[in-house]
Amino acid sequence: MSPTEVNTRQEATPLALCQRALRALRRMYLPEERMFAFRVRPASDGLCTEGLSVRYTATVLLGLSRVPAPAVADTLNGQAPRDLFARLECELGSTHDLGEVALTLWAARTWNDACSGALLHRLQAMQPDTLTYPTVELAWALSALSEGGEAGSEARSAHALAERLLRSFHPRSHLFPHYPAGAGGSWLRAPVACFADQVYPIQALSLYARAFRRPEALDAARRCAAAIARLQGEGGQWWWHYDVRSGKVLEGYPVYAVHQNSMGPMALHALQDAGGDAFDAAIDRGLDWLERSPEIDGSLIDTERDVIWRKVGRVDPGKLVRRAQAAACRLHPALRTPAVTAVFPPRRVDFESRPYHMGWILYTWADRTDTACA
C-alpha cells in the first residue's frame, strides 16, 4: 500500500478479526465434550453447531496459545487447555490419522502439555518420513517437530521430513504437490495441488529453518511464497488449485475466507520471521478481498450474525468445473475448459463456519495486535 492510499478496511483488520474469532469460538465450544464443533451453520433461531473435530480442536488450541489467559478461560467456559488435551489423548488412542496426531502434538508443545512425549512417539511410529501421507499432513508434522526440537530423535525426524518435502519441491514451478514425490496419488489428481499444499510447507520449512538453521529450507519456502504471490488474483484472491508442472492457476474457485485472513498471512509471516522476504502487499490485498469481494459485491464477514462464512465458489454441481479442469490439464498442461466463468459464475456463498478458521486467525494475528484480545 502506497503512502497516499487509505486503508478502508473495518471488519478485516487484525484486531477486528481476532475479536470476532474469540466470540465465534465461544459459540463453537462444547464444554460437556471438551471439544470444538465441526462447524456452525445458519438455523431459524441463529446458528447451530454440528459434529465434533479433533483436528479443529487442536488448531484452536494452537491459536489460543497466543492470547491472554483470561481470554482462554472465557473461550473454554472456565475449563483449562489441559482438559481438552486429556480428551484429545483419548480420541487419539487408536487413530491412524497423521494430521490429527501432528496438530495435537504441535499444540501440546506450544502449551508444554504433559501429553507431548507420548504424542511424539506416536507420530514417529507412523513413519511420516517414508509412508504415504498428503503433503499438508507432512508439513504439520514438521511444524510440530520444529516447535522446540533441537536434538535427539525428534531432530532426526525433523531433518528426514524436511528432506522429503524438499525433494518434492518442483524446481521450475516452485510449487509443492498434493502428495510428496514417489507417494502415488490418482492419475487425474497427480499434477493438481491446492493452496493448502503451498502454505503449510512454506510455514513448516520456515519454522524448521529457524529452529535448525537450515538455509536451503528457507530458500524453498521463499521461492514458493514468491510463486503464490505472483499468481494472486487481481482482487487479492488466493486461488485454490494450481498445476504443479507449469506453475499456473488451474482453477481459482472456490476462494476461502480462511486463506485470505489467516492461512496465507500465517505462512508468509512465518517466512518473514525466519529471515525471509516480506509479503505485506500480498497480505493486504488478501484482506481487502475479504472486506469486499467483487464476486458477490459484498463480504463473507456477516456482521449481523457475527460470523465469517466459509467461501465463495462457482455454481458448480458435483464439482464439475474442478474435475473438467483437472482432466484437461492432465491431457496437456496448457489445456483449460473454456467459458467456465460465463457458464458457472463464482457467486455462491458457502454458509458455514469452522473453528479451525478462528484458531488460525488467532495464531496469525493475536501476538501482532497488542489489543487483539481486549
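1. A good place to start is the pair of helices 1 and 15: helix 1 passes helix 15 in a left-handed crossing. Please keep in mind that this is a predicted model. The two elements cover residues 14-28 and residues 355-365, and they pack at an angle of about 140° with their axes 9 Å apart.

2. Which residues in helix 1 and helix 15 meet? From helix 1 come Pro14, Leu17, Cys18, Ala21, Leu22, Ala24, Leu25 and Met28. Their partners in helix 15 are Pro355, Met358, Ile361, Leu362 and Trp365. By class, this contact of helix 1 with helix 15 has 13 nonpolar residues, with no polar and no charged ones.

3. If you are looking for internal voids, the structure holds 1 cavity of 30 Å³ or more. The largest cavity has a volume of about 40 Å³. Its lining is made up of Val258, Arg310, Ser353, Arg354, Tyr356 and His357. By class, that lining has 2 nonpolar, 2 polar and 2 charged residues.

4. There is also an open sheet of 3 strands to look at, in the order 8-11-12 and with antiparallel pairing. Strand 8 (255-256) and strand 12 (348-350) are its edge strands, each pairing on one side only.

5. How many bridges join strand 11 and strand 12? Strand 11 (residues 311-313) pairs with strand 12 in the antiparallel sense over 3 bridges. For a spot to check on screen, find Lys311, which stands opposite Asp350 in strand 12.

Notes. Residues are numbered from 1 along each chain as its sequence is written. This is a predicted model: local features need pLDDT of at least 70, side-chain atom pairs count only at pLDDT 80 or more; totals for chains, interfaces and linings use all residues. Side-chain values use heavy atoms; hydrogens and water are left out. Axes are lines fitted to C-alpha atoms, for helices over the stretch in contact, and angles run from 0 to 180 degrees between N-to-C directions. Helices (H or I, at least four residues) and strands (E, at least two) are DSSP runs, numbered from the N terminus. A crossing is left-handed if the near helix is turned anticlockwise from the far one by less than a right angle, and right-handed if clockwise. Contact means heavy atoms within 4.5 Å. Ala, Val, Leu, Ile, Met, Phe, Trp, Tyr, Cys and Pro count as nonpolar, Asp, Glu, Lys and Arg as charged, and the others, Gly among them, as polar. On a 1 Å grid over the protein atoms alone, a cavity is a set of points where a 1.4 Å probe fits but cannot get out, and a pocket is an open set with protein on both sides within 12 Å along at least five of seven lines; lining residues have an atom within 4 Å of a point. Grid points are joined across faces, edges and corners, and a volume is the space filled by probe spheres set on the points. Two strands pair if DSSP finds at least two bridges between them.
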